[in-house]
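User: I would like to go through the packing and the hollow spaces of this protein, one point at a time.
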Amino acid sequence: MVFYFKARPEAGDYTIFMGLDKYENEELIKYGFIKDIWFHVDKMSSAHVYLRLKKGQTIDDISEGVLEDCAQLVKANSIQGNKVNNIDVVYTPWSNLKKTPSMDVGQVGFHNSKMVRTVRVEKRINEIVNSLNKTKVERKPDLKAEKEAVYAAEKAERKQQLREKKRREEMQRLEKERQAEIRSYKGLMVSEKMTSNKQIAATSKSFQEVEEDFINLLSVKEGWFLFTSFSLQA
């Protein structure tokens, strides 16, 4: 059995949940989500309370109001902690929970103690606890199936995002190629670099002109030959 609660409405739509006993706690430890934050009374026995963050949020995004709701719920569900004032509640991301074969059912440690935070709870605030209990819902969820379904949906979303990214990159590549072709075409069409048919006709010689040039060249050569022969005879 898992108990689900809703945080104070003004803080947003946040779900807080905890197991009925250590066996449910064990399942919650095993099938938690990356976006889950785990809460427990420090150095005392208590319920394992979880806060499910929204997509893209981290532990730094927890508001003071939601943090107080979680801390009060943990204190209220600790036999020893509920009787005393000024207790500490520790909290950390689910991914930081460490479970080894030698640990008892429901017992956990931490991979990195530096990722564990502490909030002081001076006393139980009945108004907060009662408000949370009014939202309490009991369910027997298939935690494994829920996690698999969520991860499958996230995997499909990542694939779709990757396809969209590749499509955008391909569109950008094609656009760059198109722009390069346009620039190349414009370079060829610059008037200063072009020669019109009229200009070609104005600078080209006709066949008759070429023939006259050739005859004149022969005449010059013949005159030079006669001049050279006369000079030798003299």
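User: Which residues does Ile-62 touch, not counting residues up to four places away in sequence?

Analyst: This is a predicted model, in which local features need pLDDT of at least 70, side-chain atom pairs count only at pLDDT 80 or more, and totals for chains, interfaces and linings use all residues. Residues are numbered from 1 along each chain as its sequence is written, and side-chain values use heavy atoms, with hydrogens and water left out. Contact means heavy atoms within 4.5 Å. On that basis, and leaving out residues up to four places away in sequence, Ile-62 touches Ile-37, Leu-51, Leu-53, Leu-67 and Tyr-91.

User: Which element gives the most residues to the largest nonpolar core?

Analyst: A nonpolar core is a set of buried Ala, Val, Leu, Ile, Met, Phe, Trp, Tyr and Cys residues joined through side-chain atoms within 4.5 Å; buried means under 20% relative accessible area, exposed over 50% and partly exposed in between, with a 1.4 Å probe and protein chains only. The largest core has 28 residues, of which Ile-16, Phe-39, Leu-51, Ile-62 and Val-89 touch the most other members. Elements that give two or more residues include strand E3 (36–41), strand E5 (87–93) and helix H2 (64–76), where helices (H or I, at least four residues) and strands (E, at least two) are DSSP runs numbered from the N terminus. With six residues, the element that gives the most is H2.

User: How many residues are in the other core that lies apart from it?

Analyst: Among the members of this other core are Phe-17, Leu-28, Trp-38 and Trp-94. The number of residues in it is 14.

User: Is Val-89 buried or exposed?

Analyst: Val-89 sits in strand E5. Its contacts beyond four places in sequence include Phe-39, Val-41, Ala-71, Val-74 and Val-119. Thr-118 is 29 residues away from Val-89 in sequence, yet the C-alpha to C-alpha separation is 5.6 Å. Because its relative accessibility is 0%, Val-89 counts as buried.

User: Which backbone nitrogen does the side chain of Asp-36 reach?

Analyst: Asp-36 belongs to strand E3 and counts as buried because its relative accessibility is 1%. Not counting residues up to four places away in sequence, Asp-36 touches Phe-17, Tyr-50, Leu-51, Arg-52, Thr-92, Pro-93 and Trp-94. At 2.9 Å, its side chain reaches the backbone nitrogen of Phe-33.

User: Which helix gives the largest share of the lining of the largest cavity?

Analyst: On a 1 Å grid over the protein atoms alone, a cavity is a set of points where a 1.4 Å probe fits but cannot get out, and a pocket is an open set with protein on both sides within 12 Å along at least five of seven lines; lining residues have an atom within 4 Å of a point. The largest cavity holds about 80 Å³, a volume being the space filled by probe spheres set on points joined across faces, edges and corners. Asp-36, Phe-33 and Phe-17 are among its lining residues. Three residues, the largest share, come from helix H4.

User: What is the volume of the largest pocket?

Analyst: The residues that line this pocket include Phe-33, Lys-35, Tyr-151, Glu-154 and Arg-158. The volume of the largest pocket is about 340 Å³.

Technical notes
A polar contact is a pair of N or O atoms within 3.5 Å; within protein, one must be able to donate a hydrogen and the other to accept it, and residues adjacent in sequence count only if both atoms are side-chain atoms.
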